[in-house]
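Here's a quick walk through one protein model, written for someone who would rather look at residues than read a methods section. Keep the structure open beside you as you go.

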Amino acid sequence: MEKIVIRGGRRLKGRVKVQGAKNAVLPIIAATLLSARGESEIGDAPPLKDVENMVKVLKALGIKIRYANGRIYTNAESISETEAPYELVRQMRASFLVMGPLLARTGRARIPQPGGCAIGTRPIDQHLKGFKAMGAQIDMGQGYIEARVDGRLQGANIYLDIASVGATENIMMAATLAKGQTVIENAAREPEIVDLANFLNSMGANVRGAGTGEIRIEGVDFLKGAQHTVIPDRIEAGTFLVAAAVTRGSVFVEGAIGDHIRPLIAKLEEIGVTVTEEDDGIHACCEGELKPADVKTLPYPGFPTDMQAQMMALMLTIKGTSLITETVFENRFMHVEEFKRMRANIKIDGRTAVVEGGEPLSGARVKASDLRAGAALIIAGLAAEGETEVTELHHLDRGYVDLAGKLHRLGADIERVPVEVEQKESASELVVQPSYA
Ligand SMILES: CC(=O)N[C@H]1[C@@H](OP(=O)(O)OP(=O)(O)OC[C@H]2O[C@@H](n3ccc(=O)[nH]c3=O)[C@H](O)[C@@H]2O)O[C@H](CO)[C@@H](O)[C@@H]1O
Ligand SMILES: C=C(OP(=O)(O)O)C(=O)O
């Protein structure tokens, strides 16, 4: 077990390169299952725990897949299994994204119920509604969801009650091989949906409208392997821009795409951060005093929920009251209790956190309750007085490649070290299995 130790007070300065997007590469790996001919090759696949797990899920389905030097090679001409292993699905909800492709390719899929996680209950009713509309029979029992269809899925009109990212992706993938046209209304519009659609189209699919609220998919008879490079990770990029602001530093995030993080850039500018978009990335720099601001998370193109915790860390360093409202997940304030250990003044009022910022944060021992909470605690530690120790790093490793190393190279006093024996002595810590997602 390891922890990250940060001694706060240093300004970040320099240049950092953004990794490939976790939330783009995971559905794209699942989509390679749709190819009945030839090999797929995915570039800029970040070496994350989630990527490793998704590769293992596909391996368990009997397809040829290997990961080397940031590239994933798959050949799914033959699929020998239609059941995803519980141990892997339990660790990563995104593995449920194999259901659409499996159903479309083989007419069968048996996936363990993915369950909730630290940020919310995260039902999958919209995914299942889509598959049912396309003619699949869905059976739920004993912790598994079984979907089956005799012959091909049928194209259908599907209105999503919630613009769910995962449901849009799962249904879009299933529809590529369905008979006739599928229309997804109230579809999610995230850049990762567009990236997936681009990959599907390069495999021979006919997907139009990705990135808008209405996606039209004309089913085709088969798909072939294709080459693709995933988009840069907008959440990792945003995390570095916010970290620059937290330390009142100056950081250039190479590869960041302004159009993918428009609401974050707008909010940083409103606060007083100078953000400059260049051809090859985005620069954030702080000179004057920063002002408090209110933030409300929303589906894309609104402010991303995956940046909410990091933004809260920034608000804690700004004098005055900021309101942070979380509307996407019902329980995404677990980091608040940990911030309080650092002497943060935050009150929760329903879905809104009232942040009284400007008082110095004090270094403390804190735990990452989820992936973005982990990143937020680390960047709060960059501004805190004294030493902060962040544990439960398995959450962080799901989505960030070497965050501590990258911050260190930007000038932070930060290191990742093994947890000392005295910290392991709590029996509960030794027996509880980490739940990743
Ligand atoms: C791997 C991946 O891409 N993960 C992202 C994806 O997660 P994910 O795809 O799971 O998120 P969704 O967009 O599906 O979830 C949004 C909201 O809809 C609800 N919901 C979703 C599906 C459903 O069938 N029924 C339902 O009620 C969820 O509980 C949640 O409250 O989008 C989230 C919202 O931007 C991000 O935080 C995650 O980082
Ligand atoms: C919530 C997240 O991811 P996941 O959907 O994989 O849990 C995230 O990336 O912040």
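What follows covers the domains, the ligand shell, the cores and a few backbone oddities.

Keep in mind that this is a predicted model.

**Two domains**

The chain splits into domain 1 (2–19 + 232–431) and domain 2 (22–229). Going by C-alpha atoms, the centres of the two are 30 Å apart. Where they meet, 19 residues of domain 1 are in contact with 15 residues of domain 2. On the domain 1 side, the touching residues come out as six nonpolar, six polar and seven charged.

**Around the ligand**

Ligand 1 has 22 residues around it, and Asn23, Gln126, Ser164, Val165 and Gly166 come nearest. Helices H1 (22–31), H5 (125–133) and H6 (165–175) are the elements that each give two or more residues to this shell. Both domains take part: domain 1 and domain 2 each supply at least three residues to the shell. By class, the shell has ten nonpolar, seven polar and five charged residues.

The UniProt record (an unreviewed entry) puts the feature "binding site" at Arg93, Arg122, Pro123, Ile124, Asp125, Gln126, Asp306 and Val328. Two of those are worth a closer look. Gln126 sits in helix H5, and its contacts beyond four places in sequence are Leu160, Asp161, Ile162, Ser164 and Ala167. Val328 is in the loop between strand E20 (320–325) and helix H11 (334–341). Outside its sequence neighbours up to four places away, Val328 touches Thr297, Leu298, Pro299 and Thr305.

**Buried or exposed?**

Here are some residues with their C-beta neighbour counts.

| Residue | Other C-beta atoms within 10 Å | Class |
|---|---|---|
| Leu58 | 24 C-beta atoms | buried |
| Gln126 | 21 C-beta atoms | buried |
| Val328 | 21 C-beta atoms | buried |
| Arg122 | 17 C-beta atoms | partly exposed |
| Asn69 | 7 C-beta atoms | exposed |

Leu58 belongs to helix H2 (residues 49–60). Setting aside residues up to four places away in sequence, Leu58 touches Ile29, Leu33, Ile63, Ile65 and Thr74. Ala383 is 325 residues away from Leu58 along the chain, and their C-alpha atoms are 41 Å apart.

**The cores**

In soluble globular proteins, nonpolar side chains tend to be buried together. The largest nonpolar core in this model holds 73 residues, and Leu241, Ala245, Val253, Met312, Ile379 and Ala380 have the most contacts inside it. Helix H12 (residues 371–383) is the top contributor to this core, with ten residues. There is also a second, separate core of 71 residues, with Met54, Ile158, Ala175 and Leu200 among them.

Back in the largest core, Val253 is one of the residues with the most contacts. Leaving out neighbours within four places in sequence, Val253 is in contact with Val16, Val18, Ala237, Phe240, Leu241, Gly281 and Ile282.

**Backbone oddities**

Most residues other than glycine have a negative phi, and most peptide bonds are trans. Which residues does a cis peptide bond join here? Tyr300 and Pro301, with omega at about 10 degrees. Pro301 is in the loop between strand E19 (295–296) and helix H10 (308–316).

Asn69 is not a glycine, yet it has a positive phi of about 50 degrees. Its place is the loop between strand E5 (64–68) and strand E6 (71–75). Arg122 also has a positive phi, near 50 degrees, and lies in the loop between strand E7 (108–112) and H5. Arg122 is also one of the UniProt "binding site" positions.

Technical notes
Residues are numbered from 1 along each chain as its sequence is written. Chains are lettered from A and ligands numbered from 1 in the order in which they are written. This is a predicted model: local features need pLDDT of at least 70, side-chain atom pairs count only at pLDDT 80 or more; totals for chains, interfaces and linings use all residues. Domain bounds come from an automatic or database domain assignment. Two residues are in contact if their C-beta atoms, placed from the backbone, lie within 7 Å. Ala, Val, Leu, Ile, Met, Phe, Trp, Tyr, Cys and Pro count as nonpolar, Asp, Glu, Lys and Arg as charged, and the others, Gly among them, as polar. A residue is near a molecule or strand if its C-beta atom, placed from the backbone, lies within 6 Å of it. Helices (H or I, at least four residues) and strands (E, at least two) are DSSP runs, numbered from the N terminus. A residue is buried if 20 or more other C-beta atoms lie within 10 Å of its own, exposed if 12 or fewer, and partly exposed in between; C-beta atoms are placed from the backbone. UniProt positions are given in the numbering used here, feature names are shortened, and annotations may be inferred rather than shown by experiment. A nonpolar core is a set of buried Ala, Val, Leu, Ile, Met, Phe, Trp, Tyr and Cys residues joined through C-beta atoms within 7 Å.
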